[in-house]
Every structure is written in C-alpha cells, then in structure tokens.
Amino acid sequence: MASIFHFVIIFMLILEIIIQLSDESEFLVDRSKRGLVHVPKDLSLKTTILNISQNNISEIQTSDILSLSKLRILIISHNRIQHLDIGVFKFNQELEYLDLSHNKLGKISCHPTVNLKHLDLSFNAFDALPICKEFGNMSQLKFLGLSATQLEKSRVLPIAHLNISKILLVLGEPFGEKEDPECLQDFNTESLHIVFPTKKEFHFILDVSFRTVVNLELSNIKCVLDDNACSYFLNVLAKLQTNPRLSNLTLNNIETTWNSFIRILQLVWHTTIENFSISNVKLQGQLDSRDFNYSGTSLKALSIHQVVTDVFNFPQSNIYKIFSNMNIRNFTVSGTRMIHMLCPSQISPFQYLDFSNNLLTDTVFENCGSLTELEILTLQKNQLKELAKIIHMTKEMKSLQQLDISQNSLRYDKNEINCFWTKSLLSLNMSSNILTDSIFRCLPPGIEVLDLHGNRIESIPEDVTCLEALQELNVAFNSLTDLPGCGTFSSLSVLIIDHNSVSQPSADFFQSCQKIRSIKAGNNPFQCTCELREFVKNIGQLSSEVVEGWPDFYKCDYPESYKGTLLKDFHMSPLSCNTALLMVTIGAIMLVLAVIVTFLCIYLDLPWYLRMVYQWTQTRHRARNIPLEELQRTLQFHAFISYSEHDSAWVKNELVPCLEKEDIRICLHERDFVPGKSIVENIINCIEKSYKSIFVLSPHFVQSEWCHYELYFAHHNLFHEGSNNLILILLEPIPQYSIPSSYHRLKALMALRTYLEWPKEKSKHGLFWANLRAAINIKLTEQAKEI
C-alpha cells in the first residue's frame, strides 16, 4: 500500500506540472537513451521538462542549464554523475522536480534553494545521508529520496521541521555495523520506504516506529539461516506497536522460512496496521502445525503476491487452515500457485477475496456455507473448467455481488440443468474462456454488468434469459454477426461489441435500445451496402462520447471498392437502395420517353424519318467501297425529275420536250423505273444514276409523300457529296405555312430563294430554259449512254 501511495504522490506531482504546461507541450524534451556524455547544447530556451536519463553523463555545470530559465522538471537518473553542486541550479528558479537517482554520487555541495518539491538522490554512493542544512529551507518539498551506508541522527536534524509527504531511504551494503537505532526518529513524514541492502541477512537494529509515519514500506528482507534468523526483523516489527498512526505496511522482496513467514503475519496481526501487503516472497523449509491467534487485530486487508516456495512436502492444509479462518474483510493471495482453499470453519467476515493467478480447480469452496458475507470474489487465471460447479459454489454466497472467473477454461453444457446462481450477483466477468451461445440461457437474472469478451459466442439465442436489470454488456472479441436487440435487455446502457463479425448490423438496434449511452462497435467487417445506410445514419447522429472510437475504427470491409473507407464517408443514393422508388423512377422515365416518342411521331413525322434513315443506310452500305470515278461512269441521266401527278401535264408537255430536244436525257419514274423493284429502291437508283435532281414545286408537291421521299434521298445523295445536285423549280407559289413540318430542308432552301421560278410571261420562258439547261449541262460518258 505504501508503494502505491509513493507512486500516487509522484504521479500527482508530475501530472500537476504537466497540466500547467499543457499549452506549452512543445517544450518537453526527451533525450533519454541517446548515449550522451554531456547535457545537450541545442536545447530551446523555452524548455520546461527535460529528460536526459539513461545516458553516460558524468558532470553537470552551470553553463549547461543556465539558459533554461523556465525549466521545471529535470530527470538525470541512471547516469554516471559522481559529484554535484546544487548551486548549478541557482539560475533555474522555476525548477520543482529534480531526479538524480541511480548515479554514482558520493558527494554533494549545497546551495540555498527553496523551490524544489521533488528531490531524488536515492541509489547513489553516499556514505552519510546527503542532507545539507540548506535543505531546511525547502518548505515545499513533498518527496525526498536519500542514499547512505551509515545513519547518523545529526544528519536528519536540518529537515526535522519539514513535513515531507514521502521519504525514500536506500541503505548501502555496509549498513548495519555501527548504527544508532533511534537515528531516524526525527524524520517528519507520513510515508517512509526503506530499502535494505540486497542479499544480506537481516541483522539490523532500527526503530522505524516514529510518530508521524502512516505508510511504511520495507524492501529486501532476508532471514533464512535458521528459524531465529528473523528475530532481528521481528524486533523491528514489534516496535511498530508503539506507533498508533501506522495503518499501512508493505513488505517487498522477502526471503525467509515458512515458520518465520507465519510469525511475521502473527506479529503484524496485533499491531494498529489495517492494510498489510506482502509481495515477491521466497519461502523455504516446512510449516509446522501451529495455532494462529486471530484475536485483537486491527487488520482489515491482507494481500500476498508472487510467492515462490522450494518444497510443498508438508500438509498444505496447515497454511490453508490459517488463511481460511482469518477474521478480516479483505484477503488477497495471487501468483502463489496455490491449488486449493479450505472453507472457513465458521461464518467468515470475508467481504473481498482475490485468488487470481493460482492453480485453483472447480472444487474450491465446494459446499461452503460460511461465506455468507462475501461480496467480491476473484478467481481469475486459475484452472476452472466446469461452469456448473462454479454456479453451484455461488449458491450459498448470499451476499456475493461481484464474481470474476475470467481467463480460465470454463465451458457450459447447454443440457446442464443446474443454473441457480446466487440471487445477489450484480457483476459477472466470464471473459477469455471457451463459452458458447448456450451461456445466455444460464445467467444470473439480476445481473447488471456482464463481461463475456474473448469467448466463442456466435449469436445471442432468442430464448436468452430475460435480463431486465442488465446495464453493461461486453461481448467483444467473439464471432457475433449482429448487434443484440434490447428486447430482453431493456435497461442496457453500455454495449461493447468490437472485434466481432458484425457486417450488417440491424437498422432497428437504436430503436429497441433507447437507453444506450455508450456503444463500442468498431473493428468489425462492415459490408457497406444499402442495408448499412440506416445504421450509419443512426450512429452518425450520436455524439463521439456515446459512440466510442467513432469514426476512426468504423470502416468498410466489403465490397473491395469501399474497403478501408470510414463509415462516415460511405454514401449510397436513396434511388439505388429503394426498389420501390427505383421502379417508380424507371416507370416515370419510360412514361416521359413514351410521351416524347408519341410527340415526335405525331408532330415531327418520326416514323417517316426512320424509314428514310434505314433506306439511306442500306444505300450507303452498298456503295461504301465504290470509287467516285466508277460512280461517275454509272451516270445515265442528266436529271431526275420529281413532281406531283397533278403537275404531270406541265412536266410532260413543257419541261421534258424542251430539255430532250437539247439532247438532255431525263429520268421519269413512269418510264425508267425497273419493274419488280420497290418504289423506294427505284427512286434511289434513279437519283444515283442522275447528275441532277429537278423538283417541280407546287402546293400539290408538298402534299405528296413520294415526292418527300425523293427530295430526302436527293438531298442525302452520298455520291455527289459537296456538289449542288438539287434544282428546285417553283411552278406555283407555295405559302410557308402550307409546307409540312417534315419538309425542313425545303423550307430552308426556299427561305434562301435557291430555286428557279416558272414565269407566267412567255417572253421570259427563253431565259428560264437557258438557265435550266446550263444548270444540268454535263457530257455523259459513252459507256453511260449505251447503258
């Protein structure tokens, strides 16, 4: 207990300073384990904490740290410093923490300084206590570490008036030859830790029962030569009875016999000590059968840690009997390889028992009805195997509230009918065992805290025991595939389910678990699909205090495209995840397309254009590989004439005779179309074999579908691409509004007036025919004529 107190004092001091420097954390310098032989010269002037421990520094000079005016913590432990003048720190007025332990200091020169709160000179080579008269001015000193090989009362006087929270005194190997037993009586401290010389029989006469000590820790006690070897040490302990304030005693690194060990326990039993801790014990010999006097004790807690013994050839029940009948509240025996523990012979006052890290089996406390006051029992890291026997063990423990049976080899048979836990159990730790899903069918009904992490649980059965009082559940490091709902855990507020196989957690988890205030579900192989969207949305709405590890430990594992992506960055559109919405959207799009197609068909004559495109494509395909020269050799006509039947009289009586008398060959559909071929194919062939295409325009022309075909194909004649192969003759005026919307090209051409207009006056007919003959004047090849 005293060592713990020592650690807490130092920790709180460092923590207090670090908190004060939290806004200047960039000025903490760690140069430990660098092989340095002197203090670094490149330190920032703003350095506040400097750690240069575990190096080879042999000297500290004023110039080394003169510029570090803001230095508050200096750690120079584990170096090779032999001499120190504290005056080197006279310019470091902010210095509060100085650690010079584990050096080779044999001499120290003092200088007035009043600011130190922590000064550690322990584990050095001082002969006498390194206490200067200037130490008496350290009114703020809370911790003082000292080393010496001999003790003198006069050396303690300079600090006798100081109230130091903790003193560490390390005694060198020569200690014990000429000592004054009263030399430490002037120490004024609440906590004293004395480290005796190692590997040396305890033959010291030292009074450590000074009036102010509340916490006493003694290390390195060896008395094994014979049973009387511990008489010196027992005399030291006997004097503790004169100190009514002493309440905590800690013994470290003890080597003795079994009988002396029990004598030490017996002696401490009758002091004012309330908390007694023994650790790192090596026992020899045998234990004689003896009675133990339990009367008149102030002891409340006894802790025994890490015991090693060379033999167990005596009846072990002797030691178990002494332990089991102790009339104290708290008892700990850990790391001792103890294989059994007897049931107390009468109703025991034990409230806390810790038998962790031993070799206890399922038979421990079997049929034991005397532990009715026991509230906390720890059997961690033992040899427990059958949970049913542990359940039966707890049945008689009427006050048991906390049970720790973790890190064993416990299993539970689902066919086991024994499931009668003590009703008082509130906290149960069964982590790191080999339990399966069946454990949820046998749990204490009033349990509030349940730890099952590190087992072999794959799911939580539907017929799980109703645990309405359960508040905290830890099922991490299992093989669960989903978050448990709160149907049977109506009070659940803390859930730990990280490192499982949860891939698609139920979206309704947060709806069923309204009382959740902390959840830890990271490090699971989440499948980032549509099913996960609702969970991500719900968990993202909670604060980082509720969702532990969010968002760093919540990542996608599947599909590969999302692997490693944080769940908070995972997004999928509602459309791709909602089948109904997707169908409605597709239906709406198809409806819009249908309306558009209908509109095109009705108002823009789309079917007609589609047919034209088809025919044009077929024609392009046929002529794709025909050279232009060959195409020109295939021309048979000067012009193809397209007209409406209503205008045939003018064409046959005026147009054709006038052109043919000038040896211009004209292609007319009624005489030049090839029988057996389709009309469209004949139109295309005639246009291809004609140098020009003449269109006789009139109101009748724009009403003719076949005329429209002919105009379309003539306009898209691939074989005269880039040439002006269209000749428009306006026979009669055509109002723009009367031209159908499908005649886009005709409208454009007429808008540009690229046409010949048939004059009504006969005097102008000559010029008209001259212009027309000039437009189609071309000399056809003889081969073409013969064709």
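This section describes a buried strand, a buried helix face and the internal cavities of a predicted model.

Residues are numbered from 1 along each chain as its sequence is written. In this predicted model, local features require pLDDT of at least 70 and side-chain atom pairs pLDDT 80 or more, while totals for chains, interfaces and linings use all residues.

Strand β11 (residues 215-223) is largely enclosed by the rest of the structure, because eight of its nine residues are buried (under 20% relative accessible area, 1.4 Å probe, protein chains only). Strands are DSSP runs of E with at least two residues, and helices are runs of H or I with at least four, numbered from the N terminus. Strand β10 (residues 189-195) runs parallel to β11 and is joined to it by five bridges; Leu192 stands opposite Leu216. Strand β12 (residues 248-257) is also parallel to β11, with eight bridges between them, and Thr250 of β12 is the bridge partner of Glu217.

In helix α13 (residues 648-660), the buried residues are Ser648, Trp650, Val651, Leu655, Val656, Cys658 and Leu659. These residues pack (heavy atoms within 4.5 Å) against β26 (637-642), β27 (666-667), β28 (690-697), β29 (726-730) and α18 (765-775).

The largest cavity (a set of points on a 1 Å grid over the protein atoms alone where a 1.4 Å probe fits but cannot get out) holds about 170 Å³ of space, the volume being that filled by probe spheres set on the points. Its lining (residues with an atom within 4 Å of a point) comprises 14 residues, with Trp258, Val307, Ile319, Phe323 and Thr336 nearest the centre. At least two lining residues come from each of α4 (258-269), β14 (301-309) and α5 (317-324).

Conventions: Heavy atoms only, no water. Buried < 20%, exposed > 50% of the residue type's maximum accessible area, 1.4 Å probe, protein only. 1 Å grid on protein atoms, 1.4 Å probe; cavity = no way out; pocket = protein on both sides within 12 Å on 5 of 7 lines; lining within 4 Å. Pairing = 2+ DSSP bridges.
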